[in-house]
Amino acid sequence: MTRMLVTGGAGFIGSNFVHYTVKHKPDYDITVIDKLTYAGNTANLQPVADKITFVEGDICNAELMDKLVAETDIVVHFAAESHNDNSLRNPWPFVETNVIGTYTILEAIRKHGKRLHHISTDEVFGDLELDDPNRFTEDTPYNPSSPYSSTKASSDMLVRAWIRSFGIKATISNCSNNYGPYQHIEKFIPRQITNILSDIKPKLYGTGEQVRDWIHVDDHNSAVHLILEKGELGETYIIGADNDHVNNKMVIELICELMGKGKDWYEHVNDRPGHDMRYAMDSSKLRRELGWQPQYTDNQTGMRDGLMQTIEWYREHEDWWKAQKEAVEAAYAKQGQ
Ligand code: NAD
Ligand code: DAU
């Protein structure tokens with residue numbers, strides 16, 4: 001068995017990664033470390049609870065991370081403060097977890113000579129104009145816009161420096177916007193699905209012409225596993241499912257349609273300050289060198305099947321999200337969103 005430490009494994013992508021690993025890669029002995037912030041939830045791991053070890057703790061705790069890294073073979077680092085809107089309200093937890101937390105993990109990795117895979121985002125590259133034909137590649141210069149993306153960019157820079165200066169065994173992936181089960185309802189897609197389920201109109205920021213290169217969370221996680229198995233140490237891999245023609249307005253209209261509402265049963269609300277316009281990922285290196293292919297693709301928006309599955313999941317798991325709904329909407333309402 002290979003021992004694997006998953007940081008942030010009680011959050012959205014991390015918990016889906018643990019589910020995916022238990023189902024498809026039974027040779028891993030998994031330990032999850034998670035601080036259980038507002039975004040972490042042990043219920044996300046309940047279906048696999050008897051197959052993993054769970055440790056409640058902070059990745060900024062150097063003593064704890066030293067111990068956990070010493071006891072593992074591989075660290076897959078998901079833990080982060082992840083929501084842009086929250087980083088505009090209070091940036092400090094983002095600096096603490098994303099920068100100091102990653103530094104703490106890197107020092108333990110360096111000391112114990114273990115393998116690290118660092119999970120990052122397309123937002124480190126900044127944004128593109130709507131008519132810019134370019135996509136982000138592994139060589140695109142960093143140009144983050146928000147407190148969130150600047151702290152993720154900082155953490156990537158630390159990983160790159162530790163690879164070059166100390167020769168640690170690490171890889172990095174930068175993925176686009178994920179959707180799927182277990183995503184916190186503060187985020188765009190689950191917020192709109194749970195709005196409709198609560199008889200509240202979906203909320204579109206500004207004009208909704210912004211483009212996110214949406215990918216189903218299982219496709220992100222299959223790519224991470226491929227990088228763990230076949231990726232070259234020291235390398236960065238872009239992960240994206242070629243959905244960079246789909247804007248927010250199209251997504252909200254598709255959700256309304258799939259949930260049996262009129263296509264325009266939504267309202268425009270205040271835009272996000274500094275709102276990135278367009279992300280677009282060129283994942284050809286991952287596809288060419290490691291043979292990766294996303295599974296959730298269709299010829300309309302590339303999202304119809306994945307969205308239907310996600311809508312069904314929120315419909316069937318009202319007990320998972322209902323208690324938070326009022327507070328999440330109240331926080332947005334204060335900002336006219
Ligand atoms: P999330 O907010 O749903 O989950 C983050 C998890 O990290 C939570 O369980 C939280 O409790 C935990 N955590 C936070 N601070 C911690 C700390 N100090 N110590 C230990 N645990 C801590 O986030 P997500 O959407 O699942 O994102 C996971 C990772 O993927 C992040 O690194 C994010 O930057 C990256 N990413 C996210 C997306 C996306 O669309 N959501 C896309 C690309 C990359
Ligand atoms: O691109 C990858 C990033 O995707 C990750 O690094 C982040 O962790 C993740 O949160 C996500 O960031 P975004 O800011 O793009 O995601 P969010 O779900 O907050 O918003 C997606 C788009 O939808 C964005 O253009 C803002 C818009 N939006 C969002 C909300 C919450 C709305 O129009 N209405 C909303 O209610």
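Me: Let's fix one term before we start: a polar contact is a pair of N or O atoms within 3.5 Å. How far is the backbone N or O atom of Leu36 from an oxygen atom of ligand 1?

Reply: This is a predicted model, so keep that in mind throughout. The distance there is 3.5 Å, from a backbone N or O atom of Leu36 to an oxygen atom of ligand 1. Phe78 also uses its backbone, with an N or O atom 2.9 Å from an oxygen atom of ligand 1. For Phe12, a polar backbone atom sits 3.0 Å from a ligand 1 oxygen.

Me: How much of ligand 1 does the protein bury?

Reply: The protein buries 97% of the 840 Å² that ligand 1 exposes when taken alone. Helix H1 (12–24), strand E5 (115–121) and helix H5 (147–166) are the elements that each give two or more residues to that shell.

Me: Which element gives the largest share of the shell?

Reply: That would be E5, with three residues.

Me: And who comes nearest to ligand 1?

Reply: There are 28 residues around ligand 1, and Ile13, Asp34, Ser82, Tyr148 and Lys152 come nearest. By class, that shell has 12 nonpolar, 12 polar and four charged residues.

Me: OK, on to ligand 2. Which residues are closest?

Reply: Asp122, Tyr148, Asn177, Arg272 and His275 are the closest of the 23 residues that surround ligand 2. You've met Tyr148 already, as it's among the nearest residues around ligand 1 too.

Me: What does the side chain of Arg272 do there?

Reply: An N or O atom in the Arg272 side chain is 2.6 Å from an oxygen atom of ligand 2. Thr121 also brings in its side chain, with an N or O atom 2.7 Å from a ligand 2 oxygen. Glu123 puts a polar side-chain atom 2.9 Å from an oxygen atom of ligand 2.

Me: How much of the accessible area of ligand 2 does the protein cover?

Reply: On its own, ligand 2 has 690 Å² of accessible area, and the protein covers 95% of that.

Me: Which elements supply residues to the shell around ligand 2, and how does the shell divide?

Reply: Helix H6 (188–197) and strand E8 (203–205) supply at least two residues each. By class, the shell around ligand 2 has six nonpolar, nine polar and eight charged residues.

Me: Switching topic. How many salt bridges are there?

Reply: The count comes to 23. One of them joins the side chains of Asp242 and Arg287, at 3.6 Å from N to O. Asp242 sits in the loop between strand E10 (236–239) and helix H8 (248–258), while Arg287 is in helix H9 (residues 284–290), and the two are 45 residues apart.

Me: Is Asp242 buried, partly exposed or exposed, or rather, which of those?

Reply: Asp242 is partly exposed, because its relative accessibility is 31% and the partly exposed range runs between 20% and 50%.

Me: What about Asp244, who does that one pair with?

Reply: Asp244 forms a salt bridge with Arg278, and their closest N and O atoms are 3.7 Å apart. Arg278 is in the loop between strand E11 (267–269) and H9 and Asp244 in the loop between E10 and H8, so the pair ties together parts 34 residues apart in sequence.

Me: Are Arg278 and Asp244 buried or exposed?

Reply: Both are buried. They also belong to a network of salt bridges that links Arg135, Asp242, Asp244, Arg278 and Arg287.

Me: How does Glu253 fit with Lys249?

Reply: Those two form a salt bridge with the closest N and O atoms 3.2 Å apart. They're separated by about one helical turn, because they are four residues apart in helix H8. Glu253 is buried at 14% relative accessible area, whereas Lys249 is partly exposed at 32%.

Me: How many disulfides does the search find?

Reply: Zero, over the whole structure. As for individual cysteines, Cys175 is buried at 3% relative accessible area, and Cys256 is buried at 0%.

Me: Last one: where does Val69 lie, and how far is it from Ile109?

Reply: Val69 lies in helix H2 (residues 62–70) and is buried, with a relative accessible area of 0%. Val69 and Ile109 are 40 residues apart in sequence, but their C-alpha atoms are 6.6 Å apart in space.

How values were computed. Residues are numbered from 1 along each chain as its sequence is written. Chains are lettered from A and ligands numbered from 1 in the order in which they are written. This is a predicted model: local features need pLDDT of at least 70, side-chain atom pairs count only at pLDDT 80 or more; totals for chains, interfaces and linings use all residues. Side-chain values use heavy atoms; hydrogens and water are left out. A residue is near a molecule or strand if one of its heavy atoms lies within 4 Å of it. A polar contact is a pair of N or O atoms within 3.5 Å; within protein, one must be able to donate a hydrogen and the other to accept it, and residues adjacent in sequence count only if both atoms are side-chain atoms. Accessible areas come from the Shrake-Rupley method with a 1.4 Å probe; for residues, only the protein chains shown count as cover. Ala, Val, Leu, Ile, Met, Phe, Trp, Tyr, Cys and Pro count as nonpolar, Asp, Glu, Lys and Arg as charged, and the others, Gly among them, as polar. A disulfide is a pair of cysteine sulfur atoms within 2.5 Å. Buried means under 20% relative accessible area, exposed over 50%, partly exposed in between (1.4 Å probe, protein chains only). A salt bridge is a side-chain nitrogen of Lys or Arg within 4 Å of a carboxyl oxygen of Asp or Glu.
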